[in-house]
Amino acid sequence: MSAADERFAERVRALRPEPCDYPADQLRVLYDAQLGSRHADLAARWMQAQGHGYYTIGSAGHEGNAAVAAALRPTDPALLHYRSGAFYLARAEQSGSKEGLRDILLGVAAATSEPIAGGRHKVLGRHDLAIIPQTSTIASHLPRAMGVAFSLSRSAKLGVPSPWPADAIVVTSFGDASANHSTATGAINAALHASYQGLPMPLLLVCEDNGIGISVRTPEGWIRQAYGQRPGLRYFDADGTDVAAALTMATEAATFVRRNRRPAFLRLRTVRLFGHAGSDVETAYRSPAELAADEELDPLLGTARLLLGAGLDADDVIELYEDKRSEVMQIAADVAGLPQLSSAEAVAAPLRFPDPEAVAESLPQRSTTTDKLTLSQSINRALADVLASYPEAMVFGEDVGRKGGVYGVTRGLQKAFGPARVFDTLLDEQSILGLGLGAGVSGLLPIPEIQYLAYLHNAEDQLRGEAASLKFFSQEQYSNPMVLRIAGYGYQKGFGGHFHNDDAIAVLRDIPGLVIASPSRPDDAAAMLHACAAAARSSGTVSVFLEPIALYHRRDLYDDGDDRWPAPYPTEPVPIGRGRTYGDGSDLTLVTFGNGLPMSLRVAARVPGVRVLDLRWLAPLPVEDLLREATATGGVLVVDETRRSGGVSEGILATLIDHGYTGRLARVTSEDSFVPLGDASRQVLLSEQTIEAAARELLS
Ligand SMILES: Cc1ncc(C[n+]2csc(CCOP(=O)(O)OP(=O)(O)O)c2C)c(N)n1
Ligand SMILES: [Mg+2]
């Protein structure tokens, strides 16, 4: 028995019994989850000391959150704070699982047998408990929680099967410091914005308020000040150190949300015991008096008091504590040293690109037309095909509904498919993506739009940290299929400046497993959009579909008015990761994509011996096509409209070199600059003249 355990026993003996409305049996169940969580925290530190534990952020002091689980149904989707360990155990017990404690300790041991992340992280999640794993980015799970709450009724409205019961509510928990994060405030705002318009938003927000974030105090009363009087947000306050009071309040809050399908905010007052994490020396920033005051409010003592009030004696209460300690330490000893992931392939297995056959089998019905279409018209038609073929598909974003998109790409879709499937959102990219993430885990196929590439960046974590990592942290038990359309790249004439001509795609290219489509031609664009939608549907793939704004309405290719850019709607699919070759010039290959394609085609028409490879996909790169076309001519000029540093060309050069290409090699790119307004943009964007000069030089 450790000193901490002895102190606990001493304190239990000194407690005064307290009566409550709950019977001893029910209290014992909650106490069991709380004890399990506490001892798992202690065991994690022991495991770390033995060299077999890798995570010591615990739930001690927060165990009142077991009452939140008890107030809900085990089928209510949950997205949890990292201190919601007792919630996890209470829910496991509710579902009849005996494995809750083992799950948590397997996570601490980074064991491959851990049921959700398979050793990739210590997360609270399990598919059969309806707990979607969280990442460690503060509040980043809240936009998805809002999206799941939105999708609950939307899937029913669309007649699409949902993994969640129709009367479920969504619970999400987070800390008091996290409540200030723009991701949290944005998600809560989006939930209220939807609810204000009468849309169902059954979302229970649980703020586990321990008054501190690592070492920074949350001002006393701040959570109530920030959320207590928010119109449209019912506020509940519960003492998480008294599990009976917490259960009563959490039940009231959950009932409110379930009945009214409206959001509620539950502040659960907690304390933080044992510091922020095992490595945290909290005496450096908290006084002894402060620490002692928190210890007095230990929720385990709170429950012990109630158990005494319900007729147990102190020895019983201490025995339960001791029995749980033995049980947990036995499991800790069992799991310590279990195998961890032992190859890069095993680690990255959930990140692989979709299987081409599965994609080919899931393609939407292609409509037919012999008309020549612009890029914008072709994407519009492809979206219509996807919406017509997949009842679970939804197109949404800023201005995509009534207006039909800033550039008319979604024109007519809302009219054809109704406002439940094609709709405008509020102006918040983080929430747009969060809505997509929630829809994706709810049986829907979200096709969100970000209006301009420059505006992806303020919401990018939702794509990188959340969307792209979900399969990784859940071994593909959860996936969030999504096709994210983004209008981007430069060369818009008459409308410019950096923000409407952004070409920063480095932030996309390094996201593992993310498919990046970069169509240039109208026919390719439609077939590629179909492929992305089919990959989402068949394999839960997240794709980014980059649309070159400057080519949306383009008509000419070689000469003014030649009408050679519009193309008939495609009749053949375009496989993911395959490029397209133009011409059979035998002296030089121009490797390009996006706006680089029409420029390169024009250069090829003037310079003899040149062929052009349009990569079409920036991830996965069409390596096979690239190597074939490079060796066919023995000369490569990479034509890259993005910036020289961090741009696409770096990846293409590296790929060629990695694969042993030794022929002539050069690149032309845009400058390392933001794009200025007006004619000055020509000073920094890659030009056709530059391409031609570099091509001739390589040929000479
Ligand atoms: C976006 C982000 N910034 C910083 C961190 C580092 N960090 C981890 S926990 C934490 C404090 C969170 O405090 P609070 O929300 O009150 O939760 P508590 O740990 O007190 O339960 C910080 C700053 C992070 N994980 N994510
Ligand atoms: Mg806190």
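**A tour of helix 7 and ligand 1**

Start by selecting helix 7 together with its cover: the elements over its buried residues include helix 6 (142-158), strand 3 (203-209), helix 8 (222-227), strand 7 (264-269), helix 17 (429-440) and helix 18 (460-467). Helices (H or I, at least four residues) and strands (E, at least two) are DSSP runs, numbered from the N terminus; cover here is by contact, heavy atoms within 4.5 Å.

This is a predicted model, where local features need pLDDT of at least 70, side-chain atom pairs count only at pLDDT 80 or more, and totals for chains, interfaces and linings use all residues. Residues are numbered from 1 along each chain as written, chains are lettered from A and ligands numbered from 1 in written order, and side-chain values use heavy atoms, leaving out hydrogens and water.

Now colour the buried residues of helix 7 (under 20% relative accessible area, 1.4 Å probe, protein chains only): among them are Thr183, Ala184, Ile188, Leu192 and Ser195. Then step just past the helix to Gly198, which takes a positive phi of about 90°.

Next, select ligand 1. Which residues come nearest to ligand 1? They are His81, Tyr82, Arg83, Ser178 and Ile212, out of 17 around the ligand (a heavy atom within 4 Å).

Finally, show the polar contacts (N or O pairs within 3.5 Å). A polar side-chain atom of Arg83 sits 2.8 Å from a ligand 1 oxygen atom. Backbone N or O atoms also approach ligand 1 nitrogen atoms: one of Ser136 at 2.8 Å and one of Ile138 at 3.0 Å.

How values were computed: Polar contact = N/O pair within 3.5 Å; in protein donor to acceptor, adjacent residues only side chain to side chain. Buried < 20%, exposed > 50% of the residue type's maximum accessible area, 1.4 Å probe, protein only.
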